[in-house]
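Thank you for joining; please have the sequence and the structure open while I talk. I will go through charged pairs, then one particular acid, and then the nonpolar core.

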Amino acid sequence: MALNCGIVGLPNVGKSTIFSALTRAPAEAANYPFCTINPNVGIVDVPDNRLKKLAEIFKPKRVIPASVEFVDIAGLVKGASQGEGLGNQFLSHIREVGVIAQVVRCFENPDIIHVSNKVDPESDMETINVELALADLDTVAKRREKAVRALKVQGKDQQKQAELLISALDKVQPALEQGKPARSVPLSDDERAALYDSHLITMKPQLYVCNVDEEGMRNGNRYVDMVKARAAAENSEAVVICGKFEAELADLESEEERLAFLSELGLAESGLASLIHAAYRLLGLRTFFTAGEDECRAWTIHAGDKAPQAAGVIHTDFEKGFIKAEVYSYEDLLTYGSEAKIKEAGKYRIEGKEYVVQDGDVMFFKFNV
């Protein structure tokens, strides 16, 4: 289960530059709107020091990290929900991602055109959020019309589902009309499930990416403060990224050089790592590992997933024929140094179908098909 992240924002806020820096993929970046018409896609490894440590201990033939797919979606403008700036095409691309990363320009540079001729993060964020809400409002109207027809012609079970969908749509519609996201509306689990097939853009988790210059990376600025305040109000997150720094960091050959580079800037991790970790938190994702002489690998699951579901991430047959899981924690491996020592300490466990997998678990599954 790979994380899929769509990068959105107004034209010329630095989306393609950041995309290229994060993925090292050659996205087109130019000083004019709509230079990205078809979305660029890049897949990167999830930074995880735990996997590196497992590889040092087991010395496997191969190491496979979890991955993230970044999709660079062309700039949206005011009126995108009505087709302005090829908006309908771009909005369809957003519907396909799992989490939205909205890039906000947080730097001054008279040589780089701003679509509104001024740097104003609050206005920029509002423009994007309103356009996404308006796009969803159109979807809600169409889905409601279809559900009302279903009430008249479908059987009882289908009618019950239609009634549930209409109830959920009626709850989110007022919020969308005010430019607020559907995810801000309290819904029951059944209502959320009923809305799932509507693929509302504003139901997706969204975080903000503050695109800063070198000075902003070191010291921050008032624009960054604005974005962080907006993110906090939405129970979301904001990360600060400087495309130039990320590109320079990615060009360094060794891990030691990269750590030294980050240390000079007073940073604990790269912008890429910050963005991925924020997305993991928003989506409630967790990581477990499989480890041995052949392979050390990181796997992504949702918080609360049980052992059979985790096994199913590896292969559906593992979930169908799940018998048990042999489990120990990454922290115990650090403490004791080997699987043998973990067993001696009584920390090597056998878990069944009801075991809730914890972040950092190292697991070996037994199954029968």
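What you see is a predicted model, and a search of the whole structure finds 21 salt bridges in it. Let me begin with one of them, between the side chains of Lys171 and Glu191, which come together at 2.9 Å, N to O. Because Lys171 belongs to helix H5 (residues 156-177) and Glu191 to helix H6 (residues 189-195), this pair ties together parts that are 20 residues apart in sequence. The two partners sit in different surroundings, if you look at accessibility: Lys171 is partly exposed, with a relative accessible area of 39%, whereas Glu191, at 5%, counts as buried.

Next, please turn to Lys244, whose side chain forms a salt bridge with that of Glu214 at 3.4 Å, N to O. Here too distant parts of the chain are linked, since Lys244 lies in helix H9 (residues 243-251) and Glu214 in helix H7 (residues 214-219), 30 residues apart. Lys244 counts as partly exposed, at 42% relative accessibility, and Glu214 also counts as partly exposed, at 32%. Lys244 has a salt bridge to Glu248 as well, at 2.6 Å, N to O, and these two residues both lie in helix H9, 4 residues apart, which is about one turn of the helix. Glu248 is partly exposed, with a relative accessible area of 29%. Elsewhere, Asp48, Arg50 and Asp359 are joined in a network of salt bridges.

Now to an acid without such a partner: Asp361, found in strand S12 (residues 361-367). Which side chain of opposite charge is nearest to Asp361? That is Arg349, 4.3 Å away, and Asp361 is buried yet has no salt bridge, because a salt bridge has to fall within 4 Å. The side chain of Asp361 does, however, make a polar contact with the side chain of Tyr355, at 2.6 Å. Leaving aside residues up to four places away in sequence, Asp361 touches several others, among them Thr287, Phe288, Val327 and Ser329.

Finally, the largest nonpolar core has 48 residues, of which Leu54, Phe70, Val209, Leu275 and Ile276 touch the most other members. Helix H11 (residues 271-283) gives the most to this core, with 6 residues, and the core draws at least three residues from each of domain 1 (4-127 + 203-282) and domain 3 (304-367). To take one of those members, Val209 has contacts that include Ile18, Ala101, Val239, Ile241 and Leu275, again not counting residues up to four places away in sequence.

Terms used. Residues are numbered from 1 along each chain as its sequence is written. This is a predicted model: local features need pLDDT of at least 70, side-chain atom pairs count only at pLDDT 80 or more; totals for chains, interfaces and linings use all residues. Side-chain values use heavy atoms; hydrogens and water are left out. Buried means under 20% relative accessible area, exposed over 50%, partly exposed in between (1.4 Å probe, protein chains only). Lys and Arg count as positive and Asp and Glu as negative; His and the chain ends are not counted. A polar contact is a pair of N or O atoms within 3.5 Å; within protein, one must be able to donate a hydrogen and the other to accept it, and residues adjacent in sequence count only if both atoms are side-chain atoms. Contact means heavy atoms within 4.5 Å. A nonpolar core is a set of buried Ala, Val, Leu, Ile, Met, Phe, Trp, Tyr and Cys residues joined through side-chain atoms within 4.5 Å. Domain bounds come from an automatic or database domain assignment.
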